[in-house]
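Me: Could you take me slowly through one part of this model, with a careful look at a helix and what surrounds it? I am in my first year, so please explain any term that the reasoning needs.

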Amino acid sequence: MSLRASDIVFIPAIPVLVSLVFLFLKSKPKYLPHMMAATMLTYLDFRYKDICYVSYRGPSRGYSIGIPDIFTWGILLYIMFGAPKERKKVWWLPTGLLFILIFDFWGLFASLAAFNKQFALFMVFKLFKATLLFWTMFNALTNEKRLRFLCLAASIGLIYLGGLVLYHKYVVHKHVIRAQGPFSHPNTLVMMTNLLLPIAFAQLMRAKDNLTLIIHSMATYCGAICVIFTKSRGGLAMMALHFFIVIVISLWNRITAQKAIVLVLFMIGALITSIFAAPRLIARFQNADPSSKEARVRFNNAAKHMARDHFFGIGLNNYPFVLGTTLYYYDVYPEFVDEWKPIGEETSRLGVCHHVYYLVVAELGYVGLALFILMITYQAIFTIPLAFFPKEPNSIANVIGIGAGAGLLTLHGQGLLEWAWFQSELMHVYFIVTAMIVAARRMEY
């Protein structure tokens, strides 16, 4: 593993590009909300540059840097050095940052005992980079206008994803069986959509002008299309759950004529879509391969055995490596115990544990799992007062509490079936959403 020629060219370009973003914002500060929106949108369809790339089945295969990181670091420099009024509003320790840092440093500490320290550092780099994104977005969200603008960007992102899914399916006939959008797997698309879709739907229930009403309406429909076309059974169940949560809590806060109209139109749209989609969805449930469930159980068992044997875990981003190079291989493939020895981390038979909580306990031990649950729970808790006890029902803070709360619930629920949180795009968008939550809390209280 070493630097490639493209790495040598790309690394010096990073500070140049970041400086250009900083200088642009310094000369045109009114475009800060647009740059924040661009940061979110580019997480939905971009390609990372992996410095020191390795062929590996784990979530991180290098020190990943992409276009959104360039935007983030440029915004960070602007907040710190570009505008006096921005510096005056800096919160050095935003709500929840302490628990994020504790988890990050535990991951770094556990990496000292990792089976492959280089693979572990790939993920540590990603964690600290995402933490910096959280800090930057929180400190950039200084008023409701920026918060609404970022919500609008999330809805535009859903419209893009839905349009791309339809384009792939009906124009270029790509990913016809199961949609995956710009991502490498359908499950990434469905989890990303289910994180952002309830925010768009909650916005739709309180949109105050025609333009935002149209955008959030299109986003809600396009998001539903994305989930339906992935044919993900867990994703469909989670979509139904978050729609139900948003409807109930929104009506509980305040019943309005607009909400009643939106709800009627939503039911009509759901009925029409169900008529066309139901046969294929039913077939998907009926024809589910039982071996998929069995494989998940085996991967989970291997993770539990790793946690049992290693107090500090095997190291972040090390699960596929350890599975392929040690006797834990036979937890997943016991039928080969008398024929093979583990055959290496690059084999196509290996992968990541499809249960984020078992994955964490395998890689960071039970202490790491406790810190992970504390981190994600602490952020989610703040959606409760925003959703149920707002100072002003239907305010932007109230909408963020309802929509983001439902989105986080579905993301963490899907973590029972997927290694959701550690996927690059999802991890970073998750931190943007949590920054929106704590920024809304600051504005509300």
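Reply: Two residues are said to be in contact when heavy atoms of theirs lie within 4.5 Å, and this is the sense in which packing is meant below. Please keep in mind throughout that this is a predicted model.

Let us begin with helix α1, which covers residues 5–27 and so has 23 residues. From its first C-alpha to its last it reaches 34 Å, close to the 33 Å expected at 1.5 Å a residue. The helix nevertheless bends by about 30 degrees at Ala13, and a proline, Pro15, follows within four residues of that point. A residue is called buried when its relative accessible area is under 20%, and in α1 the buried residues are Asp7, Phe10, Ile14, Val18, Val21, Phe22 and Leu25. These buried residues of α1 pack against two helices, α2 (32–42) and α3 (67–82), and against two strands, β1 (49–51) and β2 (63–65).

One of these partners leads us onward, to a residue in another helix. Arg146 is found in helix α7, which runs over residues 144–170, and because its relative accessible area is 10%, Arg146 counts as buried. Leaving aside its neighbours within four places in sequence, Arg146 is in contact with Leu32, Pro33 and Met36, and also with Glu86, Ala140 and Leu141.

For comparison, we can turn to helix α18, made of the 21 residues 424–444. Its end C-alpha atoms are 31 Å apart, which agrees with the 30 Å that it should span at 1.5 Å a residue. Of those 21 residues 19 are buried, so α18 is largely enclosed by the rest of the structure.

Ile437 is among the contacts of Thr383, together with Gly401, Ala404 and Gly405, when neighbours within four places in sequence are left aside. Thr383 lies in helix α16 (residues 383–388), and because its relative accessibility is 8%, Thr383 counts as buried. The C-alpha atoms of Thr383 and Asn398 are separated by 8.5 Å, although the two residues are 15 apart along the chain.

Finally, we come to the surface, where Ile381, Ile384, Phe388, Phe389, Tyr445 and Trp252 make a nonpolar patch of about 660 Å². Trp252 has its place in helix α10 (residues 233–253), and because its relative accessibility is 52%, Trp252 counts as exposed, whereas Thr383 is buried at 8%.

Terms used: Residues numbered from 1 in each chain as written. Predicted model: local features only at pLDDT ≥ 70, side-chain atom pairs only at ≥ 80, totals over all residues. Heavy atoms only, no water. Buried < 20%, exposed > 50% of the residue type's maximum accessible area, 1.4 Å probe, protein only. Expected span 1.5 Å × (residues − 1). Bend = angle between axes of the 7 residues up to and from the residue. Patch = residues over 30% accessible without salt bridge, like charges linked within 9 Å, V, L, I, M, F, W, Y side chains within 5 Å. Areas by Shrake-Rupley, 256 points an atom, 1.4 Å probe, with all protein chains shown as cover. Salt bridge = Lys/Arg side-chain N within 4 Å of Asp/Glu carboxyl O.
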